[in-house]
Amino acid sequence: MYVCLCQGVTDGQIREAIYEGCCSYREVRQATGVGTQCGKCACLAKEVVRDTLAELRGAQAAAAFPVEFVPA
Ligand code: FES
């Protein structure tokens, strides 16, 4: 789905930027150009960034403590 019509940036491109190392909306904006013209997409773009970072943190926490891990 297109998040930013001015720059033609999709939610998939925003997620990809985060998977490739962006850690904040500011970094995603620099990498993709999202929100750099009219700015109307900023709210939705920030939401996609926030959700994707939260998903990644959840996945990392699961990887760090697998289900079968039992602390002594
Ligand atoms: S819709 Fe993203 S800057 Fe205009």
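Here are some exercises with worked solutions on a predicted model of a protein chain.

**Exercise 1. The overall layout**

Work out which pattern of strands and helices the protein chain follows along the sequence, and what share of its residues count as buried.

*Solution.* Start with the inventory: the protein chain contains 3 helices and 2 strands. Next, put these elements in sequence order, and the pattern reads β-β-α-α-α. Then turn to burial: 25% of the 72 residues count as buried. Finally, look at the contacts with a separation of 6 or more: 48% of them join residues 24 or more positions apart.

**Exercise 2. Helix α1 against helix α2**

Decide how α1 is oriented relative to α2, and name the residues through which the two helices meet.

*Solution.* A reminder before we begin: a pair of packed helices is described by the angle between their axes and the distance between those axes.

Step one is to take both values for this pair. Helix α1 spans residues 11–19 and helix α2 spans residues 25–32; they pack at an angle of about 110°, and their axes are 10 Å apart. Because angles of 65 to 115 degrees count as roughly perpendicular, α1 is roughly perpendicular to α2.

Step two is the handedness, and here α1 passes α2 in a right-handed crossing.

Step three is the contact itself. On the α1 side you will find Q13, I14, A17 and I18, and they meet V28, A31 and T32 of α2. Sorted by character, the residues of this contact comprise 5 nonpolar, 2 polar and no charged.

**Exercise 3. A closer look at A17**

Determine whether A17 is buried or exposed, and list its contacts beyond its neighbours within four places in sequence.

*Solution.* First, place the residue: A17 sits in helix α1. Second, count its surroundings: A17 has 20 other C-beta atoms within 10 Å, so A17 is buried, given that the cut-off for burial is 20 or more. Third, with neighbours within four places in sequence set aside, A17 contacts C22, V28, A31 and T32. For one of these partners, A31, the C-alpha atom lies 6.9 Å from that of A17, although the two residues are 14 residues apart along the chain.

**Exercise 4. Helix α1 against helix α3**

Classify the orientation of α1 relative to α3, and describe the make-up of their contact.

*Solution.* Begin with the geometry: the axes of α1 and helix α3 (residues 42–64) come within 10 Å and cross at roughly 45°. That angle makes α1 oblique to α3. The crossing of α1 past α3 is right-handed.

Now for the residues. D11, I14, R15 and I18 of α1 make the contact with A45, V48, V49, T52, L53 and L56 of α3. By character, the contact of α1 with α3 holds 7 nonpolar, 1 polar and 2 charged residues.

Y19 makes a good final check on α1, as Y19 also belongs to this helix. Y19 has 10 other C-beta atoms within 10 Å, and therefore Y19 is exposed. The C-alpha atoms of Y19 and L56 are separated by 8.6 Å, with their positions 37 residues apart along the chain.

**Exercise 5. Along helix α3**

Compare the span of α3 with its expected value, then find buried residues in this helix and say what the buried residues pack against.

*Solution.* Take the span first. The 23 residues of α3 reach 32 Å from first C-alpha to last, close to the 33 Å expected at 1.5 Å a residue.

Next comes burial: A45, V48 and V49 are buried in α3. The buried residues of α3 pack against β1 (2–4), α1 and α2.

For contrast, try R50, which is also placed in α3. R50 counts as exposed because 12 C-beta neighbours lie inside 10 Å. Its C-alpha atom is separated by 8.1 Å from that of S24, 26 residues apart along the chain.

Terms used
Residues numbered from 1 in each chain as written. Predicted model: local features only at pLDDT ≥ 70, side-chain atom pairs only at ≥ 80, totals over all residues. Axes fitted to C-alpha atoms, helices over the stretch in contact; angles between N-to-C directions. Helix = DSSP H or I, 4+ residues; strand = E, 2+ residues; numbered from the N terminus. Parallel < 35°, antiparallel > 145°, perpendicular 65-115°, else oblique. Left-handed = near helix turned anticlockwise from the far one by under 90°. Contact = placed C-beta atoms within 7 Å. Nonpolar A, V, L, I, M, F, W, Y, C, P; charged D, E, K, R; others polar. Expected span 1.5 Å × (residues − 1).
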